[in-house]
Amino acid sequence: MEPQLLDTVAEGVATVVVHHPAKRNAMTAGMWRALPPLLDRLAADPAVRALVLTGEGGTFCAGADISTLRESPGEAQQWAVLAEEALAAFPKPTLAAIRGHCVGGGSQLAAACDLRFAEEGSLFGITPAKLGLVYPSSSTRRLVSLVGPATTKYLLFSGELIDAERALRTGLVDEVLREGELAQRVAKFTRVLVSRSQLTQAAAKEFANGRTDRDSHWAEQARRSGDTAEGVAAFLERRQPRFAWRV
């Protein structure tokens with residue numbers, strides 16, 4: 001099978017799989033270019049309430065396919081940044097489910113997700129210093145927002161890999177699961193996400209990402225949606241809420 005991004009939708013959750021097992025799911029130029037329109041399609045699908053990004057088999061993503069950097073590294077990096085920004089801008093909750101290596105462009109994609117769950121034994125690294133590349137400023141700032149300046153410098157200066165436990169301590173990942181438990185935990189957690197208010201999630205995502213000019217917009221959305229009244233009524237009636245607002 002050619003290197004590609006595979007996607008499915010089930011029970012409100014879109015799953016995007018980085019599929020390039022011959023090169024540990026390294027991202028080709030075509031895969032970087034394909035990600036933004038794929039995300040646009042899934043964002044517009046009313047059946048999609050959350051998105052999971054993962055890799056085929058036992059590897060999340062080993063980064064960019066280095067062969068694509070030989071002719072035009074600047075252009076290849078530009079496509080990677082556009083893909084990263086599209087993932088960060090996805091209007092619904094996103095979660096990276098990580099096994100094995102999450103390196104270079106793989107860490108770039110994982111950092112662009114809202115949350116990151118990893119299996120024990122996973123390894124993380126950002127390796128432009130091994131190739132003489134300048135890591136994009138937007139990607140660097142996103143990494144700093146996750147792990148702080150010191151860990152960002154450690155990762156970028158050295159290109160060394162860190163294990164899942166250190167990634168958890170530094171904030172690079174949110175949960176570490178024992179081997180064999182990642183899929184079950186991701187499925188359980190995404191069911192929780194799908195059951196919650198999209199209004200709350202969408203506003204929280206904007207605010208957490210630094211948007212400061214939309215308070216009145218979201219107040220109006222809350223007033224018009226009826227989600228608050230529904231949530232309170234469902235709580236008092238001891239039933240699941242039926243939230244109406246959609247992205």
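Colleague: Which residue follows α9, and what is the sign of its phi?

Modeller: This is a predicted model. In it, α9 is followed by Arg238, whose phi is positive, near 55°. Arg238 is not a glycine. It lies in the segment after α9 and counts as exposed, at 80% relative accessibility.

Colleague: Which other residue has a positive phi although it is not a glycine?

Modeller: Glu11 has a positive phi of about 55°. Its place is in the loop between β1 (4-10) and β2. Glu11 is exposed, with a relative accessible area of 73%.

Colleague: Back to the helix before Arg238. How do I read the sides of a helix?

Modeller: An α-helix has 3.6 residues a turn, so residues three or four places apart point the same way. In helix α9, residues 227-237, the buried residues include Asp227, Glu230 and Ala234. Viewed down the axis of α9, the buried residues fall within an arc of 60°, so they line one face of the helix.

Colleague: Which residues are exposed on the other side of α9?

Modeller: Thr228, Ala229, Phe235 and Leu236 are exposed there.

Colleague: What covers the buried residues of α9?

Modeller: The cover includes α7 and α8 (215-225).

Colleague: Take a residue from α7, then. Is Gln201 buried or exposed?

Modeller: Gln201 is in helix α7, which spans residues 198-208. A residue is called buried when its relative accessible area is under 20%. Gln201 has 16%, so it is buried. Not counting residues up to four places away in sequence, Gln201 touches Pro93, Leu193 and Arg196.

Colleague: How do I read a salt bridge?

Modeller: Side chains of opposite charge can pair when their charged atoms come close. In this model the count comes to 15 salt bridges. One of them joins the side chains of Asp114 and Lys205, at 2.9 Å from N to O. This pair links distant parts of the chain, 91 residues apart. Asp114 is in the loop between α3 and β6 (115-119), and Lys205 is in helix α7.

Colleague: Are the two partners, Asp114 and Lys205, buried or exposed?

Modeller: Asp114 counts as partly exposed, at 26% relative accessibility. Lys205 is buried, with a relative accessible area of 11%.

Colleague: Which salt bridges does Arg239 make?

Modeller: The side chain of Arg239 meets that of Glu230 in a salt bridge of 2.7 Å, N to O. Arg239 also meets Glu237 in a salt bridge, again with 2.7 Å from N to O. Arg239 is partly exposed at 23% relative accessibility. Glu230 counts as buried at 16%, whereas Glu237 counts as exposed at 52%. Elsewhere, salt bridges that share partners join Glu206, Arg211, Asp213 and Arg214 into one network.

Colleague: Now the interior. How do I read a nonpolar core?

Modeller: Look for buried nonpolar residues whose side chains are joined by contacts. The largest nonpolar core here has 43 residues, and Leu51, Leu53 and Phe124 touch the most other members. The elements that each supply at least two residues of this core include β2 (13-19), α1 (29-44), β3, α2 and β4 (94-98). Also among them are α3 (105-112), α4 (137-158) and α5 (164-170).

Colleague: Which element gives the most to this core?

Modeller: That is α1, with 7 residues.

Colleague: What is Phe124 in contact with, leaving aside its neighbours within four places in sequence?

Modeller: Its contacts include Ile98, Cys102, Ala118, Glu160, Leu161 and Ile162. Asp163, Ala164, Ala167, Leu172 and Val173 are also in contact with Phe124. Apart from the largest core lies another, of 12 residues, among them Ala97, Leu177, Phe189 and Leu193. Leu193 is also one of the residues that Gln201 touches.

Colleague: And at the surface, which residues make a nonpolar patch?

Modeller: Ile66, Leu131 and Leu133 make a nonpolar surface patch of about 240 Å². Ile66 lies in the loop between β3 (50-55) and α2 (73-88).

Colleague: How is the exposure of Ile66 described?

Modeller: Ile66 is partly exposed, with a relative accessible area of 47%. The term exposed is kept for values over 50%.

Conventions
Residues are numbered from 1 along each chain as its sequence is written. This is a predicted model: local features need pLDDT of at least 70, side-chain atom pairs count only at pLDDT 80 or more; totals for chains, interfaces and linings use all residues. Side-chain values use heavy atoms; hydrogens and water are left out. Helices (H or I, at least four residues) and strands (E, at least two) are DSSP runs, numbered from the N terminus. Buried means under 20% relative accessible area, exposed over 50%, partly exposed in between (1.4 Å probe, protein chains only). Contact means heavy atoms within 4.5 Å. Patches are made of residues with over 30% relative accessible area and no salt bridge: like charges are joined within 9 Å, nonpolar side chains (Val, Leu, Ile, Met, Phe, Trp, Tyr) within 5 Å. Accessible areas come from the Shrake-Rupley method with a 1.4 Å probe; for residues, only the protein chains shown count as cover. A salt bridge is a side-chain nitrogen of Lys or Arg within 4 Å of a carboxyl oxygen of Asp or Glu. A nonpolar core is a set of buried Ala, Val, Leu, Ile, Met, Phe, Trp, Tyr and Cys residues joined through side-chain atoms within 4.5 Å. The arc is that of the directions from the helix axis to the C-beta atoms.
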